[in-house]
Amino acid sequence: MSVTVEDLLRLPSLRGAELVAGQGAGKKLVSSISVLEYADPSVLQAELFRNNEFFGSEIVITGFMNIPRDVEAQCANLRRLADAGEVGLILFYVGVFMPEVDPRLMALADEKDFALIVMPRGRMDLRYSDVICEVMEAIFKDQNDSGLLVSDILGRTALLPEHQRTLDTVLKLLSDRLRATVLLTDGALRPLNAVPWPRAEDTRLPEALRSLEALPVSGGAPGSLQSEGRSYTIYRQTLSSGPALELFLLKEGAPLPPDLVRRAGEVVHLASSIWSQGHGRVVMSELVRAILRDEPVKMRRLAELFHVDVASMHAMWVLRCGRSDPQTFQAEGLELMRKLLEGRCSAVVADCYEGDVVAFLAWKGRLDEMRDLAEDCCARLEAAGLDGRLIVGQNLATTADVRRGYLTIRASEADALRIWPGRRWFSLEEMAFTASCREILQQGEAEVQRRTAILQWLRTGTETDLVGTLAVYFLDAAGSLTAAAARLFVHKDTVKYRIQQAEQRLGYPVDKLPEAVALYTACALERLLSGAELGQSDNLSGLFPTVSP
């Protein structure tokens, strides 16, 4: 494949467009084009930027219509696209909706070697469709040469970030190129990877394939399959490297040329030799994905294939990257996690998923040992110069529990850091509590005031910050007078006296249940609202301007 960013700039539809930053990306190959308009980079929209979907030399069109003046959000989008393997961004309507291209955005594009192309400024008559049609026409013409298939896909994969150079990525690129469903199985025809075409298709082709009485011979005449009212041509290639692997291509509509099928087998054969690091490593990565995506059938199949007792794994550890380089964090964090857990658990499955390091383990020790191990993990991260947080979840009975817990972590981490600032690791229950606090905030000002009204009794008739003391006692010191005194830089007896004052005003001991639950929640909400008023959270800023901390 030979269509580059520089080639696109010579197309009539891009006449007058300017490469304002990322000059070094001019020679990068372009495989496809897509449109990005919903540009919220928050964790709640992380599904739009999954590392395994945005990849492979794609160029993106946008007008940043919902963030035309939010430079930080624009930079966040550009960074995520570049990290996911995209090659550039074509900006429309600069001077109309988006006033100008900020120097910070251009500097980031240069840093990431990411092409930033600006269409003629101040023009409302420009159409996305003109660019899309011409770019895709150039790409389709170039792809007609099947002789370039192997070098094209392997070359594009080699240019991706290291964590994306996987067999799974190659299969997705192959599916896009052939516009066919790609299925990889082991020697016993048990599915290992399945990439449907179109990508969003919810297909049952792997099951339908196994139901056939006779499959085509590798390299021989294709077979046929009827599934869900559609007709498919089946092509088969047996791969000889490493463990026995079978590649099936299922094409709807026009058949594939025999030479193209043969070269598709070469692509997967070479990719498995170069990037799989042993087929077991690839399948182990797929096992982690199957667990987190709540795919129990695929999980059981992969677990059986590699003799992994998934049923015994009821604990999940998630390492979330902070200010460290994401690729370095994933590579070193994964190695650190494996070395720490192997030998201390009866079974461990660990890999990277959507920018995180995730491990599932069968814990055989005591609760205090688990806590010590979590502290050890955080200490090792710090010693390695890695900035991140650890979340520990236990008693996860099903894949549905795992996925629900993982999504809670992704949505709640930022709020949890405001409730418990400075913490290095959290429990999954604390993340769930954080999510419940967020739900309270979303119910509106009246509900927030009702939940925090109890704190008003601690603010009257005294100059001592009883609310602040109580928040430190509950949230930072876990109910320890000694720890609270250390955090507040006062004597232990001073904290004890303040707690007694608070109890006199409330009419009950602060540790008494169920009253303590309401106090704990009120203190957490107080910290979230304080963060909002200080402008520390885009999600909270200005949400309840009339509520005082």
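These are my notebook entries on one predicted model.

**Whole chain**

I started with the totals. The chain has 549 residues, and buried ones make up 51% of them. I counted 19 helices and 15 strands in the secondary structure. The exposed area came to about 24800 Å², with carbon and sulfur atoms supplying 52% of it. I then looked at contacts between residues at least 6 apart in sequence, and 69% of these join residues at least 24 apart.

**The five-stranded sheet**

Next I traced an open sheet of 5 strands, which runs E7-E6-E10-E9-E8 with antiparallel pairing. Which strands stand at the edges? I found E7 (191–195) and E8 (223–227) there, each with a single partner strand, so each has one side without a neighbour in the sheet. From one strand to the next, the twist averages 25 degrees.

I went through some of the pairings:

- E6 (residues 181–186) pairs with E7 over 4 bridges, antiparallel. Here I found Thr 185 opposite Pro 191 of E7.
- E6 also pairs with E10, again in the antiparallel sense, over 6 bridges. Leu 183 has Phe 248 in E10 as its bridge partner.
- E9 (residues 230–239) and E10 are antiparallel too, with 8 bridges. Thr 238 sits opposite Glu 246 in E10.

I also checked burial along E10 (residues 245–252): 7 of its 8 residues are buried, so the rest of the structure largely encloses this strand.

**Backbone oddities**

Most peptide bonds are trans, and most residues other than glycine have a negative phi, so I went looking for exceptions.

I noted two cis peptide bonds, taking them one by one. The bond from Trp 197 to Pro 198 is cis, with omega near -5 degrees. Pro 198 is in the loop between E7 and helix H7 (205–210), so I was back at the edge strand E7 of the sheet. The bond from Leu 513 to Pro 514 is cis as well, with omega near 5 degrees. I placed Pro 514 in the loop that links helix H18 (492–506) and helix H19 (515–533).

Then I turned to positive phi. Glu 354 has a phi of about 50 degrees despite not being a glycine. I found Glu 354 in the loop between strands E12 (345–353) and E13 (356–363). Is Glu 354 buried or exposed? Its relative accessible area is 13%, and the cut-off for buried is under 20%, so I logged Glu 354 as buried.

Phe 489 is not a glycine either, and its phi is positive at about 60 degrees. Phe 489 lies between helix H17 (481–488) and H18, in the loop. I logged Phe 489 as exposed, because its relative accessibility is 77%.

Note on methods
Residues numbered from 1 in each chain as written. Predicted model: local features only at pLDDT ≥ 70, side-chain atom pairs only at ≥ 80, totals over all residues. Heavy atoms only, no water. Pairing = 2+ DSSP bridges. Helix = DSSP H or I, 4+ residues; strand = E, 2+ residues; numbered from the N terminus. Axes fitted to C-alpha atoms, helices over the stretch in contact; angles between N-to-C directions. Buried < 20%, exposed > 50% of the residue type's maximum accessible area, 1.4 Å probe, protein only. Contact = heavy atoms within 4.5 Å. Areas by Shrake-Rupley, 256 points an atom, 1.4 Å probe, with all protein chains shown as cover.
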